[in-house]
Amino acid sequence: IGLKSNDKSQKLILIPILAVVFLMIGYQYICPAGSNSCRFLTWDKLSGMFRQYHSGDDIYAYQEGLEEEGSSKILSKFNFTDRDLERHVDFNIKGDDVIVFLHIQKTGGTTFGRHLVRNIHLEQPCDCMPGQKKCTCHRPGKAESWLFSRFSTGWSCGLHADWTELTNCVLVANVSSKWTMTPSILPKNFYYITMLRDPVSRFLSEWKHVQRGATWKTALHMCDGRSPTQDELPACYSGDDWTGVTLTNFMDCPSNLANNRQVRMLADLSLVGCYNISTFTTGAERERGRVLLASAKNNLRNMPFYGLTEFQRKTQYLFERTFGLRFIQAFTQINSTRAASVGVGEGALRRRIEGLNALDVELYEYAKELFLRRYQYSRQTQHREQRLRRRQERQEERQRLHQHRAPISKASREEEEREIEGEEGEEVGGVATTEDYSSQVVRW
């Protein structure tokens with residue numbers, strides 16, 4: 001009897017030990033060593049992941065949203081109003097509306113620009129001939145362009161024209177018929193859009209590009225009717241290009257336009273005398289930067305849409321929601337860039353790059369919060385629209401049923417009302433998903 005009782009007690013002890021071992025093995029399988037993805041993972045996050053994964057929407061937004069810990073976790077630093085967050089354009093591609101793409105160097109603009117001409121589901125797709133950089137993007141039934149960009153109209157306002165150049169040139173370019181629009185029909189709405197990128201990554205990417213021989217020396221930099229003089233914008237190198245430049249030499253040039261490029265290209269430069277810094281007294285450079293940053297923030301906030309290179313899928317979603325246009329294939333997040341291969345760490349080198357791009361760092365912080373809040377706002381709006389649509393469909397279905405059967409019982413009516421209330425009470429999480437593009441392609 002004593003042996004039997006010992007065996008029984010040993011079995012009782014063995015069961016919890018095996019359970020613990022099983023849980024540890026399972027945890028190591030889900031969260032392998034060295035992974036940060038399961039750090040401080042709570043049951044709420046796990047259950048949220050499970051709901052998102054099985055929501056019927058495509059998986060990529062759940063994966064990207066997990067990395068960001070959800071848009072609902074955004075730390076609020078700026079006071080954005082609903083007017084800042086709500087973005088919807090009744091874009092009339094058959095009428096006279098035009099999308100103007102402000103292409104900032106090394107922000108993923110080339111990839112996004114190709115999406116605009118090759119990846120949008122249109123009644124009349126852009127005509128892209130093999131071997132040609134530009135595509136013809138005409139409105140349905142008209143020889144007029146609905147898109148002003150590098151890959152549709154070329155550099156009609158100059159190479160990588162900035163905000164100051166575009167806003168003073170687009171209409172002129174239209175009238176002169178440089179981009180195949182009838183001069184007598186002026187567009188009612190120009191919708192400016194752009195892409196932004198983390199300032200350190202963008203700066204390093206530009207350095208690598210210049211190191212390979214890029215110059216952009218044909219850029220006009222027009223402001224107040226003229227280009228800057230040699231004294232106003234000295235060259236950083238002698239010769240044809242800056243091939244082989246080291247990162248140190250690249251950072252040492254005080255007139256390098258790579259510094260704070262995103263702020264400069266989004267601001268109204270006429271507010272600070274364009275490139276003529278002599279209009280500012282000694283020590284007033286900080287005030288000049290403050291004016292430029294405020295202008296860039298204002299112009300960015302008033303744009304109907306802008307994207308972030310680090311959030312490709314959310315960029316795609318917001319563009320589609322804003323303009324009512326649909327992409328054929330989903331955007332791809334590529335993090336293995338040339339800039340990523342440059343190890344700057346968190347030390348003095350990174351701090352120096354951030355110092356050279358202090359205005360861009362502030363702008364990106366502002367842009368990132370606004371971007372994620374717009375995404376969250378749009379997802380919540382979409383959920384409300386879907387619930388209202390389902391409720392309306394159920395009401396219509398009940399009305400049809402009432403015409404062909406006896407009145408439903410009070411208990412059944414109360415049950416249906418509880419179901420509707422349950423749908424309305426569903427939590428709209430910040431980590432949301434976009435549409436299933438593979439299904440769309442099959443349907444098309």
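Strand β1, which spans residues 97–102, is mostly covered in this predicted model, with six of its six residues buried. The cover extends to both faces of the strand, since Asp-97, Ile-99 and Phe-101 on one side are buried, as are Val-98, Val-100 and Leu-102 on the other. This strand belongs to an open sheet of four strands, in which the order is β3-β1-β4-β5 and the pairing is parallel. The edges of that sheet are formed by β3, residues 147–148, and by β5, each of which pairs on one side only.

Reading across the sheet from the β3 edge, one comes to the pairing of β3 with β1, which is parallel and is made over two bridges. Within this pairing, Val-100 has Phe-148 of β3 as its bridge partner. On the side of β4, strand β1 pairs in the parallel sense over six bridges. Two positions serve to place this pairing in the sequence: Ile-99 has Tyr-191 of β4 as its bridge partner, and Leu-102 stands opposite Thr-194, again in β4.

Strand β4 itself covers residues 189–196 and is joined to β5 by four bridges, the two strands running parallel. Here the bridge partner of Ile-193 is Phe-305 in β5, while Met-195 stands opposite Gly-307 in β5. Like β1, strand β4 is described as mostly covered, with six of its eight residues buried.

How are the two faces of the edge strand β5 placed, covered or open? Both are covered in β5, residues 305–308, where Phe-305 and Gly-307 on one side and Tyr-306 and Leu-308 on the other are all buried. Helix α11, made of residues 312–323, lies across β1, β4 and β5, and its direction is at about 170 degrees to that of β5.

Beyond the sheet, a pair of helices offers another view of the packing. Helix α7, residues 199–211, packs with helix α12, residues 348–356, at an angle of about 90 degrees, and their axes are 10 Å apart. Because of that angle, α7 is roughly perpendicular to α12. The residues that meet are Val-200, Phe-203 and Leu-204 from α7 and Arg-350, Ile-353, Glu-354 and Leu-356 from α12. Sorted by class, this contact of α7 with α12 comprises five nonpolar residues, two charged residues and no polar ones.

Two single residues show how particular positions are enclosed by parts of the chain that lie elsewhere in the sequence. Ala-267 is placed in the loop between α9, residues 261–266, and α10, residues 285–302. Which residues does Ala-267 touch, if those up to four places away in sequence are not counted? They are Trp-163, Thr-164, Leu-292, Ser-295, Ala-296 and Asn-299. For Asn-299, which is 32 residues from Ala-267 along the chain, the separation of the two C-alpha atoms is 7.0 Å. Ala-267 has a relative accessible area of 0%, and it is therefore buried.

Glu-369 provides a second case, this time with its place in a helix, namely α13, which runs over residues 358–402. Is this charged residue buried or exposed? The relative accessibility of Glu-369 is 6%, so that Glu-369 counts as buried, the cut-off for that class being under 20%. Its contacts, with neighbours within four places in sequence left aside, are with Ile-74, Leu-75, Ser-76, Lys-77, Phe-78 and Phe-80.

These local descriptions can be set against the protein as a whole, which has 15 helices and six strands. Of its 444 residues, 44% are buried. Among contacts with a separation of 6 or more, 74% are between residues 24 or more positions apart. The protein exposes about 25000 Å², of which 53% is supplied by carbon and sulfur atoms.

Methods
Residues are numbered from 1 along each chain as its sequence is written. This is a predicted model: local features need pLDDT of at least 70, side-chain atom pairs count only at pLDDT 80 or more; totals for chains, interfaces and linings use all residues. Side-chain values use heavy atoms; hydrogens and water are left out. Buried means under 20% relative accessible area, exposed over 50%, partly exposed in between (1.4 Å probe, protein chains only). Contact means heavy atoms within 4.5 Å. Accessible areas come from the Shrake-Rupley method with a 1.4 Å probe; for residues, only the protein chains shown count as cover. Axes are lines fitted to C-alpha atoms, for helices over the stretch in contact, and angles run from 0 to 180 degrees between N-to-C directions. Angles under 35 degrees count as roughly parallel, over 145 as roughly antiparallel, 65 to 115 as roughly perpendicular and the rest as oblique. Ala, Val, Leu, Ile, Met, Phe, Trp, Tyr, Cys and Pro count as nonpolar, Asp, Glu, Lys and Arg as charged, and the others, Gly among them, as polar. Two strands pair if DSSP finds at least two bridges between them.
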